[in-house]
Amino acid sequence: MSSTNSFAVIVAAAGNSSRFADRNNSPQNKKQFVMLADKPVWQHSVEKFIVRSDVKQIIITPSPEDIEWFRQEYAEEIKRFSLTLVEGGKERDDSVLNGLNVVLPEIEYVAVHDAARPCVSPDEIEDVFTAAKNTGAAILAAPLTGTIKRVSESVITETVPRTGLYEAQTPQVFRRTALKIAFTERGTFHATDEAQLLERIGIPVTVVNSSKWNLKITSATDLLLAEKILAEKF
């Protein structure tokens with residue numbers, strides 16, 4: 001039996017942080033595991049969801065080479081947050097599928113969030129969750145505001161009109177049945193986000209406006225910005 005308006009959150013944490021780690025690729029140097037305001041980045045992301053009564057399960061997907069380290073390093077947090085730990089995949093959508101496969105059967109909606117996106121606000125989560133309940137599929141996204149250039153070999157080839165262009169963010173939230181269908185139809189295609197899988201099979205996805213404060217950490221500069229955002233907004 002379905003639990004009305006219940007959510008699982010899959011926290012994608014298998015990235016290799018090739019643009020972030022400057023010394024080696026050991027787990028503690030990866031963007032999702034580095035310390036931010038006295039906590040690892042991934043914990044900030046998880047804590048944005050555990051306070052919600054409609055979130056019944058949180059699944060986190062470290063990479064295969066990091067999962068045992070994660071299990072030992074964060075044993076206390078895994079227990080305290082009742083995390084479901086699942087091995088991530090080679091590609092992002094492989095990790096999400098691994099998480100989707102262990103969602104509790106009574107859960108109706110699935111949210112996917114980047115472990116390295118620690119500054120999402122409670123209002124943004126509420127807005128995208130509500131939109132998903134109303135439409136079946138919704139994502140946070142920020143409208144592009146700068147002048148967009150298409151570049152080839154360091155030379156501008158085109159100025160792209162920015163009207164209607166958005167930068168996709170997370171969480172991305174879907175009715176569970178729709179997301180499972182989208183993965184069933186995926187084949188060998190690898191999407192850069194979950195919304196793309198639904199787009200490919202003609203399922204409309206609603207965009208909920210968000211801000212650039214909901215940044216994804218990809219560099220050391222982003223880490224500094226995230227620290228300031230957390231200090232000022234939370």
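**Figure 1. The whole chain brings together eight helices and eleven strands.** This is a predicted model, and here we look at the protein chain from end to end. Its C-alpha atoms fill a box of roughly 50 × 45 × 40 Å along the principal axes. How does the radius of gyration of the chain fit with that of a compact globule? For 234 residues, a compact globule would have a value near 17 Å, and the 18 Å of this chain agrees with that. Take the contacts between residues at least 6 apart in sequence: 71% of them join residues at least 24 apart. Buried residues make up 49% of the 234 residues.

**Figure 2. The surface of the chain has an area of about 11800 Å².** Carbon and sulfur atoms account for 50% of this accessible surface. The chain also carries 27 positive and 31 negative charges. How far apart are the mean positions of the positive and the negative charges? They are 2 Å apart.

**Figure 3. The largest nonpolar core holds 31 residues.** Here is a general idea to keep in mind: in soluble globular proteins, nonpolar side chains tend to be buried together. In this core, the residues that touch the most other members are Trp42, Ile58, Ile60, Phe70, Leu83 and Phe129. Many parts of the chain contribute, and these elements each supply at least two residues of the core:

- the helices α1 (41-50), α2 (67-73) and α5 (122-135);
- the strands β1 (3-13), β4 (55-62), β5 (83-85), β6 (107-114) and β7 (137-143).

Which element gives the most to this core? That is α5, with five residues. Apart from this core lies another one, of 22 residues, and Ile59, Val103, Val110 and Leu198 are among them.

**Figure 4. Phe129 is one of the core residues that touch the most other members.** Let us zoom in on this side chain and its surroundings. Leaving aside neighbours within four places in sequence, Phe129 is in contact with Phe7, Phe49, Arg52, Asp54, Val55, Ala111 and Val173. Look for Phe49 in that list, since the next view turns to it.

**Figure 5. Phe49 sits in helix α1.** Is Phe49 buried or exposed? Its relative accessible area is 0%, so Phe49 is buried. Beyond the neighbours within four places in sequence, Phe49 is in contact with Val9, Val55, Ile58, His113, Ile125, Phe129 and Pro171. One of these partners, His113, is 64 residues from Phe49 along the chain, and their C-alpha atoms are separated by 10.0 Å.

**Figure 6. A cis peptide bond joins Thr170 and Pro171.** As a rule, most peptide bonds are trans. At this bond, omega is about 10°. Where along the chain is Pro171 found? Pro171 belongs to strand β10, which covers residues 166-175. You have met this proline already, as one of the contacts of Phe49.

**Figure 7. Asp38 and Ser154 each have a positive phi.** Most residues other than glycine have a negative phi. For Asp38, phi is near 75°. Asp38 lies in the loop between β2 (35-36) and β3 (39-40). Its relative accessibility of 73% is over the 50% cut-off, so Asp38 counts as exposed. For Ser154, phi is near 70°. Ser154 has its place in the loop between β8 (148-152) and β9 (155-160). With a relative accessible area of 75%, Ser154 is exposed too.

**Figure 8. Helix α8 spans residues 220-233 and includes Leu225.** Three residues of this helix are worth finding, and we can take them in turn.

- Thr221 is found in α8 and is exposed, with a relative accessible area of 51%. Thr221 and Gly88 are 133 residues apart along the chain, with 26 Å between their C-alpha atoms.
- Leu224 is also in α8, and at 55% relative accessibility it counts as exposed. Leu224 and Ala37 are 187 residues apart in sequence, while their C-alpha atoms are 9.9 Å apart in space.
- Leu225 is partly exposed, with a relative accessible area of 42%. From Leu225 to Phe49 the separation is 176 residues in sequence and 21 Å in space, C-alpha to C-alpha.

Methods:
Residues are numbered from 1 along each chain as its sequence is written. This is a predicted model: local features need pLDDT of at least 70, side-chain atom pairs count only at pLDDT 80 or more; totals for chains, interfaces and linings use all residues. Side-chain values use heavy atoms; hydrogens and water are left out. A nonpolar core is a set of buried Ala, Val, Leu, Ile, Met, Phe, Trp, Tyr and Cys residues joined through side-chain atoms within 4.5 Å. Buried means under 20% relative accessible area, exposed over 50%, partly exposed in between (1.4 Å probe, protein chains only). Helices (H or I, at least four residues) and strands (E, at least two) are DSSP runs, numbered from the N terminus. Contact means heavy atoms within 4.5 Å. The radius of gyration is taken over C-alpha atoms; the globule rule is 2.2 Å times the number of residues to the power 0.38. Accessible areas come from the Shrake-Rupley method with a 1.4 Å probe; for residues, only the protein chains shown count as cover. Lys and Arg count as positive and Asp and Glu as negative; His and the chain ends are not counted. The place of a charge is taken as NZ of Lys, CZ of Arg, CG of Asp or CD of Glu.
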